[in-house]
Amino acid sequence: MNQDGLTLVKSAAICRNLFLCGLLFGLVGCPENDSSAPVLVEMSTLSASLIQQAYVKASNTGATDKFGGSAALDGDTLVVGAYQEDSSRVTVTRPDESVPDSGAVYVFTRTNGDWSQQAYLKASNARVGDHFGTALTLSGDTLAVGAPREDSSGVNGDQADNSAPDSGAVYVYTRTNGTWAQQAYLKASNAGMGDFFGSALALNGDTLAVGAPQEDSAATGVNGNQVDSSASNSGAVYVYTRTNGTWAQQAYLKASNTTSFNRFGNALTLSGDTLAVGAPQEDSASTGVNGNQDQGDVNSQATNSGAAYVFTRTNGSWTQQAYLKASNTGLADYFGTALVLSGDTLVVGAKGEGSEATGVNGDQISDDAAGSGAAYVFTRTNGSWAQQAYLKASNTDPVDGFGNSLALSGDTLVVGAAWEDSATTGINGDQLNDGAQESGAVYVFTRTGGSWAQQAYLKASNTGASDGFGTALALSGDTLAVGASGESSVAAGINGDQLNNGALESGAVYVFQ
């Protein structure tokens, strides 16, 4: 029997024979003493060729730093955020821990297959609790870093004025001949206390989008009134463009159905002149594309079901192109938790979705696996969006959070489930052994002729409970980086000792190729 690219084998004897071929065919497991237990064998040549290339840690590993909470990858450059790192220094030679949770960013480069750290970045105004590195986005030699709990009130002004707690800031860096320098310090045009500007970022060339999911204005659409703060935590997105090295705000975006606590701007993705924005706490009960956006009728509400909004730019002007909902909208699904866009394909994660379906295009109706999560694939034709696929994990379980992170390159999609529980390690191991709670997993899907199939199931090489493998994802070409912000080894640098868990929640990143 074939199910979404996975062959189901029920004979334990067959399984034991196949075990010897596990690395070649991607064996997913076989309980030795239970001949009735299903065993999943992945026949893809893609999964057979995947290998873990590196195990990456901070150069100054510290407990609760959350290294791997964010990641960005472009070619041979990998950037990793550790938003709870504590140092006050701009050099890692003699680190201290005098500024708790200020945050840091680490840049790694690859030469002939070997990774090494190129830079260690701190905010130019590092302060306690700023969470620099919460969000990252990288395009060529330009890097933007979000610090959503930064406190200044200035716009390109005094960074030391901490009169707007948790207003948030973004720092833009550029690289020249291997050396990084800060190019800009960005604040919202209506910076306000508790807006969390910089919680989400998306960069493409000279265009940068910044999310502030707790911004409060009641405006709708493009360039509305920023001053009316009557819709608490409705959220906003700010678009900046760069000309001759100088950044300027191009647009201020709000949802077309702004309502308090929608968290518009919690997730962002940008490709060319198309920007998609997630609002995972939007409440309308509509389904599909461009449905009823009304959130005011109590009888039609689906609290925290979530929505995604697509904007396009023409001659420098932005307009909303589509309003997207899940095909099975439900309470607390958090559709829009994560977004990823490549050309005319958009994928939306819903970490709280609760169906017990597995694989591709299964039964969306049964809500017996609360918080298992789902991902929805949309495609655009002549400006119109339609749902192409509904994706679930091959081992759906409650509270796995499948869809909490996403990465897409062409016809390859990677989906994170940071709270998945299996205790297996490596590629295509036993998905059914739930012995490591919230260790996390990552699922690789590929598309052929419009049809999606799961190609691989990835776990850390040192799977541990609460590691959160899949917290963050970054994909560039044939290289995949997976963040595990709860991983706890004391190792530092590249390919150190993975087994000494003496630095709780220090975090790690795993690079596959």
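I take two rings of Phe, Tyr or Trp as a pair if their centres lie within 6.5 Å, and under that rule I find Y55, F469, Y510 and F512 linked by ring pairs into a cluster. I keep in mind throughout that this is a predicted model.

**Entry 1, aromatic pairs**

I counted the aromatic pairs by this rule and arrived at 21. I then looked up F132 and Y173, which form an edge-to-face pair with 6.5 Å from centre to centre and 80° between the planes. The pair links distant parts of the chain, since F132 is in the loop between strand 8 (114–121) and strand 9 (135–139) while Y173 is in strand 11 (residues 169–176), and the two are 41 residues apart. I also checked accessibility: F132 is buried, with a relative accessible area of 1%, and Y173 counts as buried at 4%.

My next pair was F335 and F378, whose ring centres are 6.3 Å apart and whose planes stand at 80°, so I note this pair as edge-to-face. Because F335 lies in strand 21 and F378 in strand 23 (residues 374–381), the pair ties together parts that are 43 residues apart in sequence. Are these two rings buried or exposed? I find F335 at 1% relative accessibility, which counts as buried, and F378 at 0%, which counts as buried.

**Entry 2, the surroundings of K325**

I came to K325 from the previous pair, as F335 and F378 are both among the residues that K325 touches. K325 is found in the loop between strand 20 (317–324) and strand 21 (335–342). I asked myself whether this lysine is buried or exposed. With a relative accessible area of 0%, K325 is buried, because the cut-off for that label is under 20%.

Which side chains make polar contacts with the side chain of K325? I recorded a polar contact of 2.6 Å that joins the side chains of K325 and E282, and another, of 2.9 Å, between the side chain of K325 and that of S305. Leaving out residues up to four places away in sequence, I list the residues touched by K325 as E282, S284, S286, T287, G288, S305, G306, A307, F335 and F378. E282 and S305 thus appear in this list, and so do F335 and F378, the two partners of the edge-to-face pair above.

**Entry 3, a lysine over a ring**

Finally I looked up K351, another lysine, and found that K351 lies over the face of Y334, at 5.9 Å from the ring centre.

Note on methods. Residues numbered from 1 in each chain as written. Predicted model: local features only at pLDDT ≥ 70, side-chain atom pairs only at ≥ 80, totals over all residues. Heavy atoms only, no water. Helix = DSSP H or I, 4+ residues; strand = E, 2+ residues; numbered from the N terminus. Buried < 20%, exposed > 50% of the residue type's maximum accessible area, 1.4 Å probe, protein only. Polar contact = N/O pair within 3.5 Å; in protein donor to acceptor, adjacent residues only side chain to side chain. Contact = heavy atoms within 4.5 Å. Phe/Tyr/Trp six-rings, centres within 6.5 Å; stacked < 30°, edge-to-face > 60°. Lys NZ or Arg CZ within 6 Å of the ring centre and 35° of its normal.
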